[in-house]
Amino acid sequence: MTEKALRLGTRRSKLAMAQSGQVADAVSQVTGRPVELVEITTYGDTSREHLAQIGGTGVFVAALRDALLRGEVDFAVHSLKDLPTAQHEGLVVAAVPEREDPRDVVVARDARKLTDLPDGARIGTGAPRRMAQLNTYARAHGVEIETVPIRGNVDTRIGYVRSGELDAVVLAAAGLNRVGRIDEVTDFLSVDTVLPAPGQGALAVECAADNASLIAALAELDDPFTRVAVTAERSLLAALEAGCSAPVGALADLLADGQTVKEMRLRGVVGTTDGSTLVQLSTTGPVPETHEAALALGRELATEMLAQGAAGLMGERAH
């Protein structure tokens, strides 16, 4: 008799279905059990408000977590950058698979790069973090741009460019990779220009904390380097007391000497959305050996950023 299928809870968007499908295949290989996708609609999917207005953090996650806690699904796949930084009682992130490209990308008219956009270009993005850094870039290079808040799936966002409503949109490379549309990118943004969201490009596979056998199986999908990197990034975000709609960028990357990973560099940025003020710092140290060490790295950099005035740049701070 074949074992019962594992139920994977996923959002219904094309991107969520694509990334959940990839995880489902991997889990199936590890466990030898079939995996079925259970589609769940979240508040973030149905609300037409801008993310910053509906609270940002967790709007795509709550319904999936409720289904997990009620036992309607066995595990769930989230985009890690959508997960609130606080640990959820009763649930555990059993795996953080190897990260996709964390960078942001531009999809622009006439195959333009960021540096080729005309003066006064209208650039669409839903993220205050991207607005802050794009506007800082424009100020530094003496160009005029207008950042336009947008929402919607990949089709909708790229549609604004195709229709001529916007000159360009900024999206995550990872999402376009996962839905097979990376060839539409006209410019990959250097992380020196725009730091990604904490955890961008990474997935979190979450299940009930008391399901020891499933936790053990899912753990085989875990990539330890990705996990320490995103732990440090999210620790920085948490220490700045900022939700996922705050203008905070962070990236931890591993610095290798040949084949040997020697150190980890953590960079953080926070700024006003108009780009007038930006606090950007980095720290480099040994690769954290433990979860606690990764958390400490993020907290230390956050403390330095707060000392440089980061607190005043985040608008509404979480209470």
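Two strands count as paired if DSSP finds at least two bridges between them. In this predicted model, strand β1 (residues 6-11) and strand β2 (residues 35-40) are joined by six bridges and run parallel. One of the pairings puts L8 opposite L37, its bridge partner in β2. To get from β1 to β2, the chain goes by way of helix α1 (residues 14-31), and the resulting β-α-β crossover is right-handed.

Next, the pockets. Rolling a probe the size of a water molecule over the atoms shows where empty space is left. The second largest pocket holds about 440 Å³ of space. Its lining is made up of 21 residues, and those closest to the pocket centre are T85, Q87, T231, R234 and H291. As for where the lining comes from, β4 (91-95), α8 (224-239) and α9 (291-307) each chip in at least two residues. Helix α8 gives the most, with six. Sorted by character, the lining of this second largest pocket has ten nonpolar residues, six polar ones and five charged ones.

That leaves R129, an arginine sitting in helix α4 (residues 128-140). With a relative accessible area of 5%, R129 counts as buried, because the cut-off for buried is under 20%. Its side chain has polar company all the same: a polar atom of the R129 side chain lies 2.7 Å from the backbone oxygen of L195, and the side chain of R129 also makes a polar contact with the side chain of Q200, at 3.3 Å.

How values were computed: Residues numbered from 1 in each chain as written. Predicted model: local features only at pLDDT ≥ 70, side-chain atom pairs only at ≥ 80, totals over all residues. Heavy atoms only, no water. Helix = DSSP H or I, 4+ residues; strand = E, 2+ residues; numbered from the N terminus. Right-handed = clockwise from strand over helix to strand, strands pointing away. 1 Å grid on protein atoms, 1.4 Å probe; cavity = no way out; pocket = protein on both sides within 12 Å on 5 of 7 lines; lining within 4 Å. Points joined across faces, edges and corners; volume = space filled by probe spheres on them. Nonpolar A, V, L, I, M, F, W, Y, C, P; charged D, E, K, R; others polar. Buried < 20%, exposed > 50% of the residue type's maximum accessible area, 1.4 Å probe, protein only. Polar contact = N/O pair within 3.5 Å; in protein donor to acceptor, adjacent residues only side chain to side chain.
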